[in-house]
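Work through these exercises with the structure open beside you. Try each task before you read its solution.

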Amino acid sequence: MEAPTYYGRLLEYGTSKMRPHPWLRPAVAQKGEEAINVFTTDLNRRIDATIKKLAQQNKGK
């Protein structure tokens with residue numbers, strides 16, 4: 001069985017029997033910057049939480 005992403009590629013670019021139905025490129029063009037900002041904010045929050053957790057664990061040693 002192919003990975004779930006296989007079907008997305010067929011939709012995006014089409015096949016010899018099916019016209020393309022772009023979905024990823026338009027989504028990235030419309031919401032790409034917002035997605036990057038959400039990802040960056042969450043990543044920074046998780047990094048800070050991990051640093052804090054590690055610092056607390058090292059205090060006990």
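**Exercise 1. A salt bridge between helices**

Task: Find the salt bridge that E12 forms with R25, and work out which parts of the chain this pair ties together.

Solution.
- Step 1. Start with the distance. In this predicted model, the closest N and O atoms of E12 and R25 are 2.5 Å apart. A salt bridge needs a side-chain nitrogen of Lys or Arg within 4 Å of a carboxyl oxygen of Asp or Glu. The pair forms a salt bridge.
- Step 2. Place the two residues. E12 lies in helix α1 and R25 in helix α2, so the pair ties together parts that are 13 residues apart in sequence.
- Step 3. Check the helix limits. Helix α1 covers residues 5-13, and helix α2 covers residues 24-59.

**Exercise 2. The surroundings of E12**

Task: Decide whether E12 is buried or exposed. Then list what E12 is in contact with.

Solution.
- Step 1. Read the relative accessible area of E12, which is 4%.
- Step 2. Compare this value with the cut-off. Buried means under 20%. E12 is therefore buried.
- Step 3. Look at its partner. R25 has a relative accessible area of 46%, so R25 is partly exposed.
- Step 4. List the contacts, leaving aside neighbours within four places in sequence. E12 is in contact with P20, H21, P22, W23, L24, R25 and P26.
- Step 5. Add a polar detail. The side chain of E12 reaches the backbone nitrogen of W23 at 2.9 Å.
- Step 6. Follow one contact further. P26 is found in helix α2. At 40% relative accessibility, P26 is partly exposed. Its C-alpha atom is separated by 13 Å from that of Y13, and the two residues are 13 apart along the chain.

**Exercise 3. A network in helix α2**

Task: Which residues are linked with D42 in a network of salt bridges?

Solution.
- Step 1. Take the pair R45 and D42. Their side chains meet in a salt bridge, with 2.5 Å from N to O. They are three residues apart in helix α2, so about one helical turn separates them.
- Step 2. Take the pair D42 and R46. The closest N and O atoms are 2.8 Å apart, and this too is a salt bridge. Here the spacing is four residues in helix α2, again about one helical turn.
- Step 3. Join the pairs. D42, R45 and R46 are linked in a network.
- Step 4. Check the exposure of D42. Its relative accessible area is 27%, so D42 is partly exposed.
- Step 5. Count for the whole model. The total comes to four salt bridges.

**Exercise 4. Distance along a helix**

Task: How far apart in space are Q30 and D42?

Solution.
- Step 1. Place Q30. Q30 is in helix α2.
- Step 2. Check its exposure. The relative accessible area of Q30 is 65%, and exposed means over 50%. Q30 is exposed.
- Step 3. Compare sequence and space. Q30 and D42 are 12 residues apart in sequence and 20 Å apart from C-alpha to C-alpha.
- Step 4. Try a second pair. T40 and L10 are 30 residues apart in sequence, with 30 Å between their C-alpha atoms.

**Exercise 5. T40 and a nonpolar patch**

Task: Describe the setting of T40, then find the surface patch that includes I47.

Solution.
- Step 1. T40 is found in helix α2. Its relative accessibility is 37%, so T40 counts as partly exposed.
- Step 2. The side chain of T40 reaches the backbone oxygen of I36 at 2.8 Å.
- Step 3. Now find the patch. F39, L43, I47 and I51 form a nonpolar patch on the surface. Together they have about 390 Å² of accessible area.
- Step 4. Check I47. I47 is also found in helix α2. With a relative accessible area of 39%, I47 is partly exposed.

**Exercise 6. The whole chain**

Task: How does the radius of gyration of the chain compare with that of a compact globule of 61 residues?

Solution.
- Step 1. Count the elements. The chain has two helices and zero strands.
- Step 2. Compare the radii. A compact globule of 61 residues would have a radius of gyration near 10 Å, but the chain has 20 Å.
- Step 3. Read the box. Along the principal axes, the C-alpha atoms fill roughly 65 × 30 × 5 Å.
- Step 4. Turn to burial. Of the 61 residues, 7% count as buried.
- Step 5. Finish with the surface. The chain exposes about 5,900 Å², and carbon and sulfur atoms supply 60% of it.

Technical notes. Residues are numbered from 1 along each chain as its sequence is written. This is a predicted model: local features need pLDDT of at least 70, side-chain atom pairs count only at pLDDT 80 or more; totals for chains, interfaces and linings use all residues. Side-chain values use heavy atoms; hydrogens and water are left out. Patches are made of residues with over 30% relative accessible area and no salt bridge: like charges are joined within 9 Å, nonpolar side chains (Val, Leu, Ile, Met, Phe, Trp, Tyr) within 5 Å. Accessible areas come from the Shrake-Rupley method with a 1.4 Å probe; for residues, only the protein chains shown count as cover. Buried means under 20% relative accessible area, exposed over 50%, partly exposed in between (1.4 Å probe, protein chains only). A polar contact is a pair of N or O atoms within 3.5 Å; within protein, one must be able to donate a hydrogen and the other to accept it, and residues adjacent in sequence count only if both atoms are side-chain atoms. The radius of gyration is taken over C-alpha atoms; the globule rule is 2.2 Å times the number of residues to the power 0.38. Contact means heavy atoms within 4.5 Å.
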